[in-house]
Amino acid sequence: ILKLLEAVVSTQSTGITRLLEGSLTSDWVPMQNRPDILSVVAYYHPSRALHFLKENYDTYFAMYGDAQFIFSNLISAVVSQLKTDEDVAEAEEFFRSVDLGTAERAYHVAMDEVQNQRGWRRCCEEDVRKYLSST
């Protein structure tokens with residue numbers, strides 16, 4: 001089922017929205033697997049996943065806020081995929097304003113990793129691109 005999920009999500013399909021919404025309200029996905037849908041969306045569409053999480057944060061927190069590993073993994077999966085400075089800033093602002101519960105540490109670890117990656121890209125990405133294109 002994970003391969004099917006990845007196939008749907010890897011496209012720009014409008015089915016992604018239905019899939020995300022359904023993962024919160026439908027019985028077709030077991031409760032413990034519902035965060036997997038948002039995690040896979042985050043891999044392919046980080047901004048979209050962040051916006052969906054923000055819009056539905058209270059629902060996710062009510063379902064998983066006390067479940068250390070599920071909620072931590074969910075927050076980490078979304079934050080760790082952020083690619084743009086705008087998304088990172090938006091995430092920082094949002095997560096400062098909410099209770100992260102059991103995901104507090106996971107959020108900070110994921111944000112540190114994203115900041116390190118963004119710093120490396122600002123520093124070195126263009127040089128690596130030039131080097132690879134010259135060979």
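Angles under 35 degrees count as roughly parallel, over 145 as roughly antiparallel, 65 to 115 as roughly perpendicular, and whatever is left as oblique. The model is a predicted one, so local features need pLDDT of at least 70 and side-chain atom pairs count only at pLDDT 80 or more, while totals for chains, interfaces and linings use all residues. Residues are numbered from 1 along each chain as its sequence is written, and side-chain values use heavy atoms, with hydrogens and water left out.

The overall layout comes first. The chain has eight helices and zero strands, helices (H or I, at least four residues) and strands (E, at least two) being DSSP runs numbered from the N terminus. Along the sequence the pattern reads α-α-α-α-α-α-α-α. Of the 135 residues in the chain, 37% are buried; buried means under 20% relative accessible area, exposed over 50%, and partly exposed in between, with a 1.4 Å probe and protein chains only. As for contacts (heavy atoms within 4.5 Å), 66% of those between residues at least 6 apart in sequence join residues at least 24 apart.

Next, the inside. In soluble globular proteins, nonpolar side chains tend to be buried together. A nonpolar core here is a set of buried Ala, Val, Leu, Ile, Met, Phe, Trp, Tyr and Cys residues joined through side-chain atoms within 4.5 Å. The largest such core has 32 residues, and Leu-38, Leu-53, Tyr-60, Ile-75 and Phe-95 touch the most other members. At least two residues of this core come from each of α2 (15-25), α3 (34-44), α4, α5 (57-64), α6 (68-79), α7 and α8. The most generous helix is α6, which gives five residues. Leu-53 shows how these pieces meet: leaving aside neighbours within four places in sequence, Leu-53 is in contact with Leu-38, Tyr-60, Leu-74, Ile-75, Val-78 and Phe-95.

Two helix pairs deserve a closer look. Axes are lines fitted to C-alpha atoms, for helices over the stretch in contact, and angles run from 0 to 180 degrees between N-to-C directions. The axes of α3 and α6 come within 8 Å and cross at roughly 15 degrees, so these two helices are roughly parallel to each other. Their crossing is left-handed, a label used if the near helix is turned anticlockwise from the far one by less than a right angle, with right-handed used if clockwise. On the α3 side, Pro-35, Leu-38, Ser-39 and Ala-42 do the meeting, and their counterparts in α6 are Ile-70, Leu-74, Ala-77 and Val-78.

The α4 and α7 pair packs at an angle of about 15 degrees with axes 11 Å apart, and is therefore roughly parallel as well. This crossing, too, is left-handed. Ser-47, Leu-50, His-51, Leu-53 and Lys-54 of α4 make the contact with Asp-87, Glu-90, Ala-91, Phe-94 and Phe-95 of α7.

Charge pairing comes next. Side chains of opposite charge can pair when their charged atoms come close. Five salt bridges turn up in the structure, each being a side-chain nitrogen of Lys or Arg within 4 Å of a carboxyl oxygen of Asp or Glu. One of them joins Lys-54 to Glu-90, with the closest N and O atoms 2.7 Å apart. Lys-54 sits in helix α4 (residues 46-55) and Glu-90 in helix α7 (residues 85-96), so the pair ties together parts that are 36 residues apart in sequence. Lys-54 itself is partly exposed, at a relative accessible area of 29%.

Asp-85 and Arg-122 form another salt bridge, at 3.1 Å from N to O. Because Asp-85 lies in helix α7 and Arg-122 in helix α8 (residues 104-134), this pair ties together parts 37 residues apart in sequence. Asp-85 is partly exposed at 39% relative accessible area, whereas Arg-122 counts as exposed at 55%. Arg-118 joins in too, since Asp-85, Arg-118 and Arg-122 are linked in a network of salt bridges. Arg-118 lies in helix α8 and is buried, with a relative accessible area of 12%. Not counting residues up to four places away in sequence, Arg-118 touches Lys-83, Thr-84 and Asp-85.

Within α8, Glu-125 and Arg-129 meet in a salt bridge at 2.9 Å, N to O. The two are four residues apart, about one turn of the helix, and Arg-129 is partly exposed at 49%.
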